[in-house]
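Open the model in a viewer and follow the stops below in order. Each stop says what to select and what is found there.

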Amino acid sequence: MTKRNKVSILILFAYCVPYVFLGMYGDKNFHNLWLYGFMIVAMIGLSSYCKKTKRIHIVLVGNTFSFLNSYLLTQYLATENWDSYFKAFPPTIRTIDFSLMMLVLQMIVLVVTKRSKISN
């Protein structure tokens with residue numbers, strides 16, 4: 001196994017963290033938004049590193065892993081209290097929303113970094 005493959009696998013492991021679930025868990029249980037901030041910084045950092053090392057496909061695969069982990073944890077660990085806390089939509093729908101927002105944010109960052117390097 002080459003060094004490039006090992007690094008790709010490590011990036012995928014980093015994406016396996018259920019960032020959206022952790023953000024929602026921190027919001028619900030600690031009434032604090034700092035885990036959402038951690039989610040944004042971690043996922044943008046991972047996608048920027050993938051862009052820098054030309055591993056863009058890992059961003060999509062990694063986001064899929066993170067979403068699936070977050071969705072399954074929300075599905076099985078969220079209680080009735082979560083329904084009343086995340087009003088208007090159930091927590092599983094919020095997980096989908098936040099995951100899509102993170103994917104869009106990462107794609108925007110990838111496009112912006114591409115354009116800024118072309119203009120330099």
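In what order do the elements of the protein run from the N terminus on? They run α-α-α-α-α-α. This is a predicted model, and the protein in it has 6 helices and 0 strands.

**Whole chain**

Start with everything selected. Along its principal axes, the C-alpha trace spans about 50 × 35 × 20 Å. Of the 120 residues of the protein, 34% count as buried. Switch on a surface: the accessible surface of the protein comes to about 7,500 Å², and 69% of that area belongs to carbon and sulfur atoms. Among contacts between residues at least 6 apart in sequence, 74% join residues at least 24 apart.

Now colour the charged side chains. The protein has 13 positive and 4 negative side chains. The centres of these two sets lie 28 Å apart.

**Helix α2**

Select residues 19-30, which form helix α2. This helix has 12 residues. From its first C-alpha to its last, α2 reaches 16 Å, close to the 16 Å expected at 1.5 Å a residue.

Which residues of α2 are buried? Tyr-19, Val-20, Phe-21, Gly-23, Met-24, Gly-26, Asp-27 and Lys-28 are. Show their side chains, where they have them, and turn the view to look along the helix.

**His-31**

Go on to His-31, just after α2. His-31 is found in the loop between α2 and α3 (34-52). The phi of His-31 is near 50°, a positive value in a residue other than glycine. Is this residue buried or exposed? His-31 counts as exposed, at 60% relative accessibility.

**Lys-54**

The next selection is Lys-54, in the loop between α3 and α4 (56-77). Lys-54 has a positive phi of about 60°, although this residue is not a glycine. With a relative accessible area of 68%, Lys-54 is exposed.

**Pro-90**

Move along the chain to Pro-90, in the loop between α5 (80-85) and α6 (91-119). At 38% relative accessibility, Pro-90 counts as partly exposed; for that class the value must lie between 20% and 50%. Then add Glu-80 to the selection and draw a line between the two C-alpha atoms. Pro-90 and Glu-80 are 10 residues apart along the chain, and their C-alpha atoms are separated by 9.7 Å.

**Cys-16 and Cys-50**

For the last stop, select Cys-16 and Cys-50. How many disulfides does the structure hold? It holds 0. A disulfide is a covalent bond between the sulfur atoms of two cysteines.

Why is Cys-16 not bonded to Cys-50? The closest cysteine sulfur to that of Cys-16 is the one in Cys-50, and it is 12 Å away, too far for a bond. A pair of cysteine sulfur atoms counts as a disulfide within 2.5 Å. Seen from the other end, the sulfur of Cys-50 has its closest cysteine sulfur in Cys-16, again at 12 Å and too far for a bond.

The surroundings of the two can be compared by showing the surface again. Cys-16 is partly exposed, with a relative accessible area of 27%, whereas Cys-50 is buried, with a relative accessible area of 0%.

Conventions. Residues numbered from 1 in each chain as written. Predicted model: local features only at pLDDT ≥ 70, side-chain atom pairs only at ≥ 80, totals over all residues. Heavy atoms only, no water. Buried < 20%, exposed > 50% of the residue type's maximum accessible area, 1.4 Å probe, protein only. Helix = DSSP H or I, 4+ residues; strand = E, 2+ residues; numbered from the N terminus. Expected span 1.5 Å × (residues − 1). Contact = heavy atoms within 4.5 Å. Areas by Shrake-Rupley, 256 points an atom, 1.4 Å probe, with all protein chains shown as cover. Lys, Arg positive; Asp, Glu negative; His and termini not counted. Charge placed at Lys NZ, Arg CZ, Asp CG, Glu CD.
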